[in-house]
Amino acid sequence: MASLYPKKISGKTYWYLREMARVGGRPKMVSERYVGTAAEIEALLDARERQIMPDRTRHLAFGDVAATWGMLEDLGVAGIIDAAAGRGPAGLPLSPGTYLVLAALNRVVDPCSKRGLVDWWKRTAADRFTKIPAGALDHRRFWDAMHAVSLKDLEQVSQAIALRIVEAYELDCSSVALDMTNFATFIATTNGKAPIAQRGKAKQKRTDLRIVGLGLVVTRDGGIPLAWHAYPGDRPDVTQFPEMISQLRTRYEAITAACGQQPAEMTVVFDAGQNSQDNFTHLAATGLHYVGSVPSSDCPDLTALPASARTMVDQQRFGGLTAFDTRRVTYGAGRRTILTHSPELHESQAAGFDGTTLAKAGKKLDDLAATLARGKTRRGKDRVESEIATLTRKPWVRRVVTWQLSGEQPKDLRLTWGIDPQARTALEEELFGKHVLITDHDHWPAAEVIAAYRSQSEAEFSFRQLKDPRVVSFSPMHHWTEHNIRIHTFTCVLALQIAHLMRLKARRAGLHLSVRALLGKLAAIEETVLLYQGDRGRPRARRMTTERTGDQHKLYQIFELGKHAPRS
């Protein structure tokens, strides 16, 4: 057993390392080594710590970047793009396909402008495992490469990527959901180089900005985008429906042909915003089936039916949801129509109407009544009545709110208002919790029609994801030419495809996570760089990943992060 032992020589203490052992049954010193004075021991310890402890460290993004890069690499996206667009202008460090892949990678994990790509790349460990230096991502080089990518190339590439995704992940394309939205731009009103950006009905309420419309068709399984269509923001969604349906039919035929399959029956799911007689005529001509909806307020004959007319659908799948299955003339033809009632939706709509819609209108009416009661207004009776009509313009509010404006002169005007309880009860019984679905699947059970319509939420979720400012974000978009806007849109849709494929891959492995939660857990797997500065030259670097906890262990295996992890 070794121990430190002091010796005093000429009043100074010196330390030795002695090793004791039993010899012949008695303890005996078998070795002794001189260690030094206390100051010398301290110097030795300091030197050892300097060898172990780095001079400084760096923390780099690894997990989310490596997982996304691996998905893009496995699908061969860069090669697909380069096959259509070519290698790009001479002198560029990367091909157009690689630039677009890197832009999509950025959109998935940490959206920023093209000008910010270099700084973002430096904060990741990607330069190590991709062998792409940060300088290659200069925004000017990116746009030089994009000049080689035409809009026709984008269409060809989008179809090829969709084919590759369906083949690689064996996606079920028999039922898809279609929806449309728009995104704000920051283009000046006088800019004539981007006809796609127009003022219209902005769904983000940015009426001061020009907007770009985007339509998506996504799979029912996983919400993977198969087709997309960008259009001028001043065009109503309903006018873009035929273009989306034609594109979808062409792409579906290409997918089945590439897979060596005969085209099966395909069902398109869409909401009431796409309804028109012309659109249903066009849909019938394509041979595609559909599940859609009609506003409940347009079907008073159905909503007036008593609850006893409805029957339980499938309690195990849909809880207390009931339905009434019939046929009626809708948009010029007899169609199967299903009235549904959901107790959960009923309760939610009642709470939202009373607690939000009606409460807001009531507060504004109270404020107006208080202003009039002070007798200080200069507005005439006609203007006040017009303002009251504006405050109660929503149909449900208009049905239940009663009001009376007395007086003729501005100073004498007085407002009284209230809620008609009978009208409120009638409104709830007639409309709350109800949906009216239409379909040409005459032989499907009602439960299957309802389940198909609910898959519409996958398309809606895709748009919510694109409006998430943290990950897989479409905005902000500061581009101001038609070509660059469409390049940006392609990049965002590609990012959405990859993000939803990552979610699907994790789900198939048993992890049910949202896109943000999934990327958050992956982002928490960082790469730490320990830097040791020698006497001269560049510091020696040692790399390692941070400790993994919980689901991170499984995600590390699912996305094969070990292929890109540091070896040292």
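# Exercises on a predicted model

The largest nonpolar core holds 137 residues, and Leu-137 and Phe-559 have the most contacts inside it. Its largest share, 14 residues, comes from α19. The model is a predicted one.

**Exercise 1. Find which residues Phe-559 is in contact with, leaving aside its neighbours within four places in sequence.**

Step 1. Start at Phe-559, one of the residues with the most contacts inside the largest core.
Step 2. Set aside its neighbours within four places in sequence.
Step 3. List what remains: Ala-67, Met-71, Met-502, Lys-505, Leu-518 and Leu-522.
Step 4. Now look beyond this core. Another core lies apart from it, with 21 residues. Among them are Leu-358, Leu-365, Val-400 and Leu-427.

**Exercise 2. Explain what the salt bridge between Asp-237 and Lys-203 ties together.**

Step 1. Check the pair. The side chains of Asp-237 and Lys-203 meet at 2.6 Å, N to O. A salt bridge needs a distance within 4 Å.
Step 2. Place each partner. Asp-237 lies in helix α9, residues 237–258. Lys-203 lies in the loop between β5 (175–184) and β6 (211–219).
Step 3. Conclude. The partners belong to parts 34 residues apart in sequence, so the bridge ties those parts together.
Step 4. Add the surroundings. Asp-237 has 16% relative accessibility and counts as buried. The cut-off for buried is under 20%. Lys-203, at 38%, counts as partly exposed.

**Exercise 3. Work out which helices the pair Arg-399 and Glu-430 joins.**

Step 1. Check the pair. The two side chains form a salt bridge of 3.0 Å, N to O.
Step 2. Place the partners. Arg-399 is in helix α15 (residues 395–400), and Glu-430 is in helix α16 (residues 421–431).
Step 3. Conclude. The bridge therefore ties together parts 31 residues apart in sequence.
Step 4. Compare exposure. Arg-399 is partly exposed at 38% relative accessibility. Glu-430 is partly exposed at 23%.

**Exercise 4. Decide where Arg-486 and Glu-482 lie, and how many residues apart they are.**

Step 1. Their side chains meet in a salt bridge of 3.2 Å, N to O.
Step 2. Both partners lie in helix α19 (residues 482–508). They are 4 residues apart, about one turn of the helix.
Step 3. Recall the geometry. An α-helix has 3.6 residues a turn, so residues three or four places apart point the same way.
Step 4. Check burial. Arg-486 and Glu-482 are both buried.
Step 5. Turn to a network. Salt bridges with shared partners join Lys-7, Arg-18 and Glu-32. The whole structure has 26 salt bridges.

**Exercise 5. Find which strands stand at the edges of the sheet β4-β16-β17.**

Step 1. Read the order. The open sheet has 3 strands, β4-β16-β17, with antiparallel pairing.
Step 2. Name the edges. β4 (56–61) and β17 (540–545) each have a single partner strand, so one side of each lacks a neighbour in the sheet.
Step 3. Follow one pairing. β4 pairs with β16 (residues 526–532) over 6 bridges, in the antiparallel sense. Thr-57 stands opposite Leu-530 in β16.
Step 4. Add the twist. From one strand to the next, it averages 25°.

**Exercise 6. Test what span helix α4 should have.**

Step 1. Count residues. Helix α4 (residues 96–109) has 14.
Step 2. Take 1.5 Å a residue. The helix should span 20 Å.
Step 3. Compare. The end C-alpha atoms of α4 are 20 Å apart, which agrees.
Step 4. Look at its cover. In α4, 14 of 14 residues are buried.

Notes: Residues numbered from 1 in each chain as written. Predicted model: local features only at pLDDT ≥ 70, side-chain atom pairs only at ≥ 80, totals over all residues. Heavy atoms only, no water. Helix = DSSP H or I, 4+ residues; strand = E, 2+ residues; numbered from the N terminus. Buried < 20%, exposed > 50% of the residue type's maximum accessible area, 1.4 Å probe, protein only. Core = buried A, V, L, I, M, F, W, Y, C linked by side-chain atoms within 4.5 Å. Contact = heavy atoms within 4.5 Å. Pairing = 2+ DSSP bridges. Axes fitted to C-alpha atoms, helices over the stretch in contact; angles between N-to-C directions. Expected span 1.5 Å × (residues − 1).
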